[in-house]
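Thank you all for coming. I would like to walk you through one structure this morning, and I will put it on the screen before I say anything about it.

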Amino acid sequence: MNQSISSVAVIMPAAGSGQRFGSDQNKLFTLLDGKPIWEQTATVLRSHRAVKRIVMPISDRDRDYFVSVGAAAVASLGIELVSGGAQRTESVGAGLNLVIDDPAIELVAVHDAARPLVKPGELDRVFERASQTGAAILASPVTATVKQTLDEGQSCRTIDRSTLWLAQTPQVFRPSILRQAYQRHRGRPATDDAELVSRTGAEVALVECSAENIKITHPGDLAIAEALVNSRKQNSKTTNHDE
Ligand SMILES: Nc1ccn([C@@H]2O[C@H](COP(=O)(O)OP(=O)(O)OP(=O)(O)O)[C@@H](O)[C@H]2O)c(=O)n1
Ligand SMILES: C[C@](O)(CO)[C@H](O)COP(=O)(O)O
């Protein structure tokens, strides 16, 4: 990796409601390989030598958990807590306010707390690309045949998948670029930060990553994540699978 990148602040939004997961508490408290999902994610981030700060937006509903059950891990991982909002962009914006004036920070990365399977080598590559271009995100190519219907399934057509990518995180930006995107944001919904940056006219580079960097969204994703963790443990006995 580019050894010149030495100071990345990560905003790790964790203030979601997890409705699609269907649990009665934040899905991020669910155990994956013996640890809550949010803690698994923060552990991968903290292990990267360039990550200097981890700011975690949380909902007011979950604050009691993070200052009691989760407090030891929050402290040992050096996580800074901040109140998130009802929309993901509000949560990220709250985290951004905490790091934007830190002169030591070269890049701001936004990484879903719900993506515990990102690999160290993927962090290297997206940090490096963002340091070159100002804005870069992890993404994986669409490999399925994609149909579009405009009449509720009465008819359909195939979309050319060769131009389609699935946005993942981290999404990494020069601080000034992300600041401008959030200053200009007037509440029009956006499901990721790259979209806000694109709206300012800035270009966002795609860095291809493995489709294993899944977001825990639906209950079935947990079983997939457990299987991936187990398979990585088996493989790491013989090979370095950071890439
Ligand atoms: N208002 C919000 C919404 C989401 N997130 C975080 O952003 C990441 C991606 O969100 P996602 O998992 O897609 O959304 P949830 O709101 O958690 O789930 P759902 O859409 O199913 O309700 C998660 O780590 C989630 O906690 C957040 O910090 N604040
Ligand atoms: C940023 C993001 O991970 C892009 O995939 C985002 O959280 C996606 O949210 P979605 O509503 O599940 O697409």
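**Unusual backbone and nonpolar cores**

Let me begin with glutamate 152, which is exposed, having a relative accessible area of 78%. Please keep in mind throughout that what we are looking at is a predicted model. Glutamate 152 sits in the loop between strand S8, residues 146-148, and strand S9, residues 157-159, and its phi is positive, at about 55°, although the residue is not a glycine. That deserves a remark, because most residues other than glycine have a negative phi.

Where do we find aspartate 33? Aspartate 33 is in the loop that runs between strand S2, residues 31-32, and strand S3, residues 35-36, and here too a residue other than glycine has a positive phi, this one near 50°. Aspartate 33 is partly exposed, with a relative accessible area of 34%.

The next feature concerns a peptide bond, and most peptide bonds are trans. The bond that joins threonine 169 and proline 170, however, is cis, with omega at about 10°, and proline 170 belongs to strand S10, which covers residues 165-173.

Let me turn now to the interior. The largest nonpolar core comprises 46 residues, and those with the most contacts inside it are Val8, Met12, Trp38, Met56, Phe66, Ile79 and Phe127. Apart from that core lies another one, of 21 residues, including Ile11, Val99, Phe173 and Tyr182. To take a single residue from the largest core, valine 8 touches, leaving aside residues up to four places away in sequence, Ala50, Val51, Lys52, Arg53, Ile105, Leu107, Ala109 and Phe127.

How values were computed. Residues are numbered from 1 along each chain as its sequence is written. Chains are lettered from A and ligands numbered from 1 in the order in which they are written. This is a predicted model: local features need pLDDT of at least 70, side-chain atom pairs count only at pLDDT 80 or more; totals for chains, interfaces and linings use all residues. Side-chain values use heavy atoms; hydrogens and water are left out. A nonpolar core is a set of buried Ala, Val, Leu, Ile, Met, Phe, Trp, Tyr and Cys residues joined through side-chain atoms within 4.5 Å. Buried means under 20% relative accessible area, exposed over 50%, partly exposed in between (1.4 Å probe, protein chains only). Contact means heavy atoms within 4.5 Å. Helices (H or I, at least four residues) and strands (E, at least two) are DSSP runs, numbered from the N terminus.
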